[in-house]
Amino acid sequence: MAEADVPEVPIYDIPARLQGKGTGNHVRHLPHVTPESYAKDHKQSIEDADAFFAKAAREVIDWDVPFKTVRSGGFVDGDVAWFTEGQLNATYNCVDRWATKFPDRVAIIYEADEPDQHQEITYSELQRRVSQAANMLKKLGVKKGDTVIVYLPMIPEAAVALLACARIGAVHSVVFAGFSADSLRDRTLDCEARVVITTDEGRRGGRTIATKSIVDAALKECPKVEHVVVVKRTGNEVGWTEGRDIWWHEAAKKERAYCPPVSMNSEDPLFILYTSGSTGKPKGVVHTTAGYLLGTALTTKHVFDVHADKGDKYACMADIGWITGHSYIVYGPLMNGVTTLIFESTPVYPSPSRYWEMVDKHKLTQFYTAPTSIRLLRRLGEEHVQKHDLSSLRVIGSVGEPINPEAWNWYNENVGRKECAIVDTYWMTEGGSIMITPLPGATKTKPGSATMPFWGIHPVILDPQSGEELQGNNVEGVLAIKNPWPSVARTIYGDHERFLETYMRAYKGYFFTGDGAARDKDGYIWIKGRVDDVINVSGHRLSTAEIESALIQHPGVAETAVVGIADEMTGQTIAAYVTLKPEFSYDSEEALVKELVIQVRRHIGPFAAPKKVIVVNDLPKTRSGKIMRRLLRKCASHETDSLGDLSSLADPSIIDHIKEKTEAFDAKK
C-alpha cells in the first residue's frame, strides 16, 4: 500500500468574516453551511441518499409532474437514473420563475472584449430573448429531441441559445469556438445536428476571429445541416449561403416574446458535450435534465455561498464551450436566481488588471478561475491587483487542475486579502457538478488540497492493481466514486459500450475518475492528476503536480509543466518545461537549469530530479488557459510528426519554438 505523498502545508481556519466576526460585505449574512451541518448532511447524503436528494429536489426544482422514484440502477450495469417519473423544464427553472418574482433583477452581466461595452440583462429581458430564440428554432423545424450545435464566443447569445434549446426540448451541443473546422465537422456529424448557431466573427484580446468562415469550412462535409443561424457580433462582411444562413437578429425579432416551455422527463437529455482524451474519437458525454440541474444548483449555492436575495454577483471566468461554463456560468447561477457574468476577453486585455477592474466595477461577490490564470497573473506582479477595491469578494475559487500551494497562497493574500473563502474545486465533465471541495464557513483549507467531498459523493482510494479500497488515512492510489450522484453523466452519445468501458468497468462497481489521489493524515483529499500524469521512475510514483510545485518555488520561475517520457534505464524519466518571470535575470541557461534540478532534488529527493529542464518563452495552452501537456510529451520524446489536432491552441507557433529548444537541449547532452 502506497503512503500518501502530499506537501506539508498549514491548515487555514475559516476566515473570521465567514464566522460572523469582523465588518464589511462578508458579514452581511452567514454562510449556508457550518462545520456541524456539513458533517450531518454529508452523512445522510451517503447513508440515506434517497431521502436526502428527494428533499433537495423538491426544494430546489419547480416540477411540472412530481417524481415518485428517487433513483434506480447503478454503476455495475451502467443504468443510473434519478427522479424518473418527474417532469420539468430547465429554462422555466432558470429563468421564468425569477422573471415572475424579480423581473428587474439582473440575470446576466456581459463584459465585452472592450471594457467600456458591458451590458446588463434582467431576468424579464432574458425570458423575452430566450422565448424569441426558441420560437425562431421552432420555425426552423427544431423539435423535442433534436440536437443543435452552438459554436459561439462568449456573448449573451451563447447563454440564450442554450436556454432556448432547453425551452423546446432540443438537445444543445456546444463546441468551443476555438476548435478547428475539422473538430467542428466531426462533432456535428457525430450528434447528427441539422442546425448550427454561430456568429459572423468573434472578438478576443483585441483580435478578430473568423468564426463564420470556420463554420462554412466545417459544413462542407455536413450534408444534414439545413440552417445556420448567425449572430451579428462585428457586422463585418462574411461568406453567406442563401437558403441556409439566416441572421439571428432578423429572425428572432419576428417571433412572439413568449414561448411555452416543453415539459421534459427527468432523464431526457439536456445536452451533449464532447470531451477528448489524448487518443481516440471525441466522446459525446450526455447529461440529463433533473439530476444535472439539481447538482449544479446545490453546488453553486453552497460551494460559492451565493445569496441572490442579498444582491450577489457571481463571476466564472470559464468559456461556455466547456463543462465549467455550462454548469457555473449558465445553469448553476440561474437555477439560484443570481446575477452571473459572461466574460468575452482575456485576463490581460487591455491590461493585466482586467479581472480586478471587473470585480471593482461590478462589485462581484464570487470569482472562479483556473490555476493557469492565477499563475499568469502572479507572474505579472501584485501591483495590478493591489490598486483595485476587491472588498466585495467573499468567495474565490479555482478549477481545472490542482493548484500548487504557491499560487494558492498568492491568490489568498493578493486577491482574497486573507478574508475570503478559497474553494479549490475538483470535478470533471462526466461528473456534471463539483465533487470535492471546501465549503465556505464549514471547511478549514489546505493550499493545494481539494479537501472534502460534496453531498452525495463517496470518494474512495483504490489500489490500482488489485482494485481494493484502501482504508484509513495516509494512503494513495486511484480515485473512484462509490455511489451514483444526481448529476453524473448517463452515457456517451451513440456509444454506451464505450461509456461502460471507460468509467464503470475499470474497477467494477465504482465510477473511475481517471485521476490519482491521496488521502492525507487528516482525511483531506489531494488530486495527483490524471493517472497517465503520474510518472513512475525506477518504481517511484511521482506526481507531475508535485514536481511542478517544487520548480515554481524558484524565484525566477513563472510557470512550469512536467511530463513523463519513456526511458530505457528507469522506465520513465522526467522532462520539465519552464517559463521565467520577465524581470528575472541570470548568467547562463546552463547554470539556471542546474539550479532548477537542485531545487527539485531539495524539495522532493534525488529520485525526482528531471532529466530535462527546458526554458521556453511560453507553454502550449488552449484559449481557455489549459496547458496541453500531451504536446509537451510529444516534443520531449521527439514524436513531433504525430502531434494531432492543434486547433484549440491559443498560439500554434509556440510548438515550433518548443521543438527547437528541446532539440537544442538534447544536442548538448
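1. Two strands are taken to pair if DSSP finds at least two bridges between them. On that basis, and bearing in mind that this is a predicted model, 4 strands form an open sheet, arranged in the order β21-β22-β24-β25 with antiparallel pairing. The edges of this sheet are the strands β21 (459-462) and β25 (525-530), each of which pairs on one side only, and from one strand to the next the twist averages 45 degrees.

2. At the β21 edge, the partner is strand β22 (residues 475-481), which runs antiparallel to β21 and is joined to it by 4 bridges. Within this pairing, I461 stands opposite L479 of β22, a residue pair that may serve as a reference point when the sheet is viewed on screen.

3. Turning to helix α17 (residues 589-603), its 15 residues should span 21 Å at 1.5 Å a residue, and because its end C-alpha atoms are 21 Å apart, the expected and modelled spans agree. The residues L592, V593, L596, V597, Q599 and V600 of this helix are buried; seen down the axis of α17, the buried residues fall within an arc of 150 degrees, so they line one face of the helix. On the other side of α17, by contrast, E590, K594 and R602 are exposed.

4. Which elements do the buried residues of α17 pack against? The partners are two helices and three strands by their labels, namely α16 (544-552) and α19 (654-668), together with β28 (557-567), β29 (571-580) and β30 (612-615). Just after α17, G605 takes a positive phi of about 145 degrees, a backbone detail to keep in view when the end of the helix is inspected.

5. As for the cysteines, a disulfide is counted where a pair of cysteine sulfur atoms lies within 2.5 Å, and by this rule the count comes to 0 disulfides. C222 is accordingly in no disulfide, the nearest cysteine sulfur being that of C191, at 9.2 Å. With a relative accessibility of 3%, C222 counts as buried, since the cut-off for that class is under 20%.

6. Where is the cysteine sulfur closest to that of C259? It belongs to C165 and lies 11 Å away, which is too far for a bond. The relative accessibility of C259 is 0%, and C259 therefore counts as buried.

Conventions:
Residues are numbered from 1 along each chain as its sequence is written. This is a predicted model: local features need pLDDT of at least 70, side-chain atom pairs count only at pLDDT 80 or more; totals for chains, interfaces and linings use all residues. Side-chain values use heavy atoms; hydrogens and water are left out. The expected span of a helix is 1.5 Å times one less than its number of residues. Buried means under 20% relative accessible area, exposed over 50%, partly exposed in between (1.4 Å probe, protein chains only). The arc is that of the directions from the helix axis to the C-beta atoms. Contact means heavy atoms within 4.5 Å. Axes are lines fitted to C-alpha atoms, for helices over the stretch in contact, and angles run from 0 to 180 degrees between N-to-C directions.
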